[in-house]
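Take a look at the structure below. The text that follows walks through it piece by piece.

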Amino acid sequence: MITLVKHEWHQVDSQFAVELDKDKLREIYPDLDDADIDVKLKEIESGEVSVDELIADAAESQVDFEWERQYDDWWTDRKGGYEITYELGDDSSWHTPPAPPLPTKKCTQCRWEGGAHETRTAYFDKNGVELTGDVDHYDRTTDVCPMCDGALSNINPSHRCTSCDWVGSYLDVDSVWNKDRDEQNREEGDYCPECGSQVTETTGSDVEVPADNGLPEFPSEPSREALEEALDELKKEFDLMNAPKKSSKKTKK
Ligand SMILES: [Zn+2]
Ligand SMILES: [Zn+2]
């Protein structure tokens with residue numbers, strides 16, 4: 001992914017204020033006596049001596065003012081219109097890190113949670129047998145837990161289909177930005193990844209979240225037959241392990 005950066009060049013008038021008293025004036029004009037200081041104060045008050053002059057004199061005497069920030073007047077906002085520039089960014093452009101999207105899939109077997117793009121896709125032939133290795137032909141797919149191959153359920157849905165029972169996050173929807181660029185010439189909007197109908201946003205609380213819809217559940221628990229078979233295997237192995245021990249005892253005797 002690429003980071004894009006937009007700059008809005010606003011101008012801000014940050015206002016500061018400070019109280020000017022006789023002590024400060026004495027610092028600025030060390031050569032003046034008290035009477036002259038009173039006169040200077042009046043001159044500044046009346047505008048006879050400009051503030052710019054005073055600031056210049058203070059600088060000359062190396063006297064600083066303890067300016068206190070008052071407020072920022074974003075006058076470009078007030079007046080409307082400001083320059084906008086764009087550029088490519090990088091990781092350092094994110095002063096506010098983007099919020100990680102909520103997980104939308106949850107494993108029904110282990111504690112895994114994550115996004116649809118993190119799941120593992122299992123491929124099946126028409127007899128329902130999972131295909132492994134390089135898969136050329138398959139009958140159907142189902143998304144399973146990347147950790148344990150368990151079946152997944154949907155969580156934190158933000159979007160739902162208006163036609164089928166699909167629910168998911170905005171990351172999973174088919175977004176059309178430009179009608180002319182869409183193969184199906186659909187109007188700009190978000191569409192269901194399952195059936196192509198329009199999706200709507202949901203608060204999440206108004207939907208019952210179905211387990212992965214329509215697809216037969218991935219065999220998560222071994223059948224009784226499979227268990228008995230495994231037990232038989234174990235018994236055979238156990239017997240095999242015991243056999244050499246007996247013979248070794250015999251040879252010792
Ligand atoms: Zn799992
Ligand atoms: Zn749908």
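In what order do the three strands of the open sheet with S12 stand? The order is S12-S11-S15, and the pairing is antiparallel. This is a predicted model. Strand S12 covers residues 167–168 and strand S15 covers residues 199–201. Both stand at the edges with a single partner strand each, so one side of each has no neighbour in the sheet. Strand S11, residues 159–161, pairs with S15 over three bridges in the antiparallel sense. One residue shows the register: histidine 159 has glutamate 201 in S15 as its bridge partner. Strands of a sheet pair through backbone hydrogen bonds, in a parallel or antiparallel way.

Next, the nonpolar cores. The largest one has six residues. They are Cys161, Trp166, Val167, Tyr191, Cys192 and Val199. A second core is separate from it and has five residues, including Cys107, Val144, Cys145 and Leu152. Burial is limited across the chain as a whole. Of the 253 residues in the protein chain, 9% are buried.

Another open sheet also has three strands. Its order is S8-S7-S9, again with antiparallel pairing. Strand S8 (130–131) and S9 are the edge strands, and each pairs on one side only. Strand S7 spans residues 120–124. Five bridges join S7 to S9, and the two run antiparallel. Threonine 121 has aspartate 143 in S9 as its bridge partner.

Now follow the chain out of S9. Strand S9 covers 140–144, and a loop leads from there to strand S10 at 152–154. Aspartate 149 sits in that loop. What is the phi of aspartate 149? The value is positive, about 65°, although the residue is not a glycine. Most residues other than glycine have a negative phi. How exposed is aspartate 149? It counts as partly exposed, because it has 16 C-beta neighbours inside 10 Å.

The next loop holds a similar case. Asparagine 156 lies between S10 and S11. Its phi is near 45°, a positive value in a residue other than glycine. Asparagine 156 is partly exposed, with 16 other C-beta atoms within 10 Å.

One more loop deserves a stop. Histidine 117 is placed between strand S6 (113–114) and S7. Is histidine 117 buried or exposed? Histidine 117 is exposed, because 10 other C-beta atoms lie within 10 Å and an exposed residue has 12 or fewer. Its C-alpha atom is 9.0 Å from that of leucine 171. Along the chain, these two residues are 54 residues apart.

Go back towards the start of the chain. Strand S1 runs over residues 4–9 and pairs with S4 in the antiparallel sense. Six bridges hold this pairing in the model. Leucine 4 stands opposite leucine 88 in S4. Glutamate 8 stands opposite isoleucine 84 in S4. Where do these strands lie, buried or in the open? Strand S4, residues 83–88, has six residues and zero of them are buried, so S4 lies largely in the open. S1 also has six residues and zero buried ones, so S1 lies largely in the open too.

A helix comes between these two strands in the numbering. Helix H2 takes in residues 34–46, 13 residues in total. From its first C-alpha to its last it reaches 19 Å. That is close to the 18 Å expected at 1.5 Å a residue. Glycine 47 follows H2, and its phi is positive, near 90°.

Step back to the whole chain. The protein chain has five helices and 15 strands. Among contacts with a separation of 6 or more, 65% join residues 24 or more positions apart.

Last, how confident is the prediction? The mean pLDDT of the protein chain is 81, and 86% of its residues reach 70 or more. Two stretches fall below 50. Over residues 211–219 the pLDDT stays under 50, and the model has 16 contacts there beyond four places in sequence. Residues 246–253 also have a pLDDT below 50. This second stretch has zero contacts in the model beyond near neighbours in sequence.

Methods: Residues numbered from 1 in each chain as written. Chains lettered and ligands numbered in written order. Predicted model: local features only at pLDDT ≥ 70, side-chain atom pairs only at ≥ 80, totals over all residues. Pairing = 2+ DSSP bridges. Helix = DSSP H or I, 4+ residues; strand = E, 2+ residues; numbered from the N terminus. Core = buried A, V, L, I, M, F, W, Y, C linked by C-beta atoms within 7 Å. Buried ≥ 20, exposed ≤ 12 C-beta atoms within 10 Å, placed from the backbone. Expected span 1.5 Å × (residues − 1). Contact = placed C-beta atoms within 7 Å. pLDDT = per-residue confidence, 0-100.
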